[in-house]
Amino acid sequence: MNSRTTAFDELDRKIITALMANARTSFAEIGATIGLSATAVKRRVDRLRETGVITGFTATVKPLALGWRTEAYVEVYCEGAAPPRRLAEVVRNHPEITAAMTVTGGADALLHVRARDVEHFEEVLERIRAEPFIRKTISVMVLSHLIPESPEAGASHAAPDDAAELR
């Protein structure tokens with residue numbers, strides 16, 4: 001993978017939008033939509049992968065299908081300055097944490113947690129709080145998703161308006 005920044009044009013953006021909406025879309029289908037041959041689309045995708053613009057392809061699974069019925073965001077407050085590397089080690093030990101990031105503001109980190117139910121979520125929270133450098137946590141339970149097409153909601157495709165931009 002090349003770490004240099006590479007410019008990409010409107011056709012590259014359309015290819016990326018198509019792949020984000022459905023990573024299984026064939027190069028021929030994308031090409032027909034944006035006016036390129038399948039070979040030209042493949043060359044562009046290869047270049048986007050080589051330069052690190054496209055970092056991979058993945059399947060999106062509905063959380064309910066995996067038994068995850070409870071979802072929350074957890075603000076984590078640390079004693080002193082906990083290095084992001086140490087926080088990353090902690091979150092990797094919890095499969096229920098689906099996303100984690102350091103943030104600005106009062107909290108040191110924000111975690112996206114999925115669990116079977118509220119009791120399971122409480123167990124996860126207690127394991128997180130057991131880390132010696134974690135001072136406190138503040139949790140916010142998700143009641144519903146206002147944008148059901150979002151990846152956070154477990155959507156399998158981009159919003160319909162995004163796909164329309166391809167044309």
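Val-76 stands opposite Ala-109, a residue of strand β3. This pair offers a point of entry into the sheet of a model that is predicted. Val-76 lies in strand β1, which covers residues 70-78, while β3 covers residues 109-115. The two strands run antiparallel and are joined by seven bridges.

The other pairing of β1 considered here is with strand β4, residues 134-141; this too is antiparallel and extends over seven bridges. Two of its residue pairs may be located directly in the structure. Glu-75 has Ile-138 of β4 as its bridge partner, and Val-74 is matched in β4 with Ser-139. As for burial, seven of the nine residues of β1 are buried, with relative accessible areas under 20%. The strand is therefore largely enclosed by the rest of the structure.

These pairings belong to a wider arrangement. Four strands make up an open sheet, ordered β2-β3-β1-β4, with antiparallel pairing. The edges are held by β2 (97-102) and β4, and because each has a single partner strand, one side of each is left without a neighbour in the sheet. From one strand to the next, the twist averages 20 degrees.

Helices pack on this sheet as well. Helix α4, formed by residues 84-92, touches β1, β2 and β3, and its direction makes about 170 degrees with that of β2. Helix α5, residues 118-129, lies across β1, β2, β3 and β4. The direction of α5 is at about 160 degrees to β4.

Attention now turns to the N-terminal part of the chain and helix α1, residues 10-21. From its first C-alpha to its last, this helix of 12 residues reaches 16 Å, close to the 16 Å expected at 1.5 Å a residue. At the N-terminal end of α1, Asp-9 acts as a cap, with a side-chain oxygen 3.1 Å from the backbone nitrogen of Leu-11.

Which residues of α1 are buried? They are Asp-12, Ile-15, Ile-16, Ala-18, Leu-19 and Ala-21. A general property of helices helps in reading such a list: an α-helix has 3.6 residues a turn, so residues three or four places apart point the same way. The packing partners of the buried residues of α1 are two further helices, α2 (27-34) and α3 (38-50).

Methods: Residues numbered from 1 in each chain as written. Predicted model: local features only at pLDDT ≥ 70, side-chain atom pairs only at ≥ 80, totals over all residues. Heavy atoms only, no water. Buried < 20%, exposed > 50% of the residue type's maximum accessible area, 1.4 Å probe, protein only. Pairing = 2+ DSSP bridges. Axes fitted to C-alpha atoms, helices over the stretch in contact; angles between N-to-C directions. Contact = heavy atoms within 4.5 Å. Expected span 1.5 Å × (residues − 1). Polar contact = N/O pair within 3.5 Å; in protein donor to acceptor, adjacent residues only side chain to side chain.
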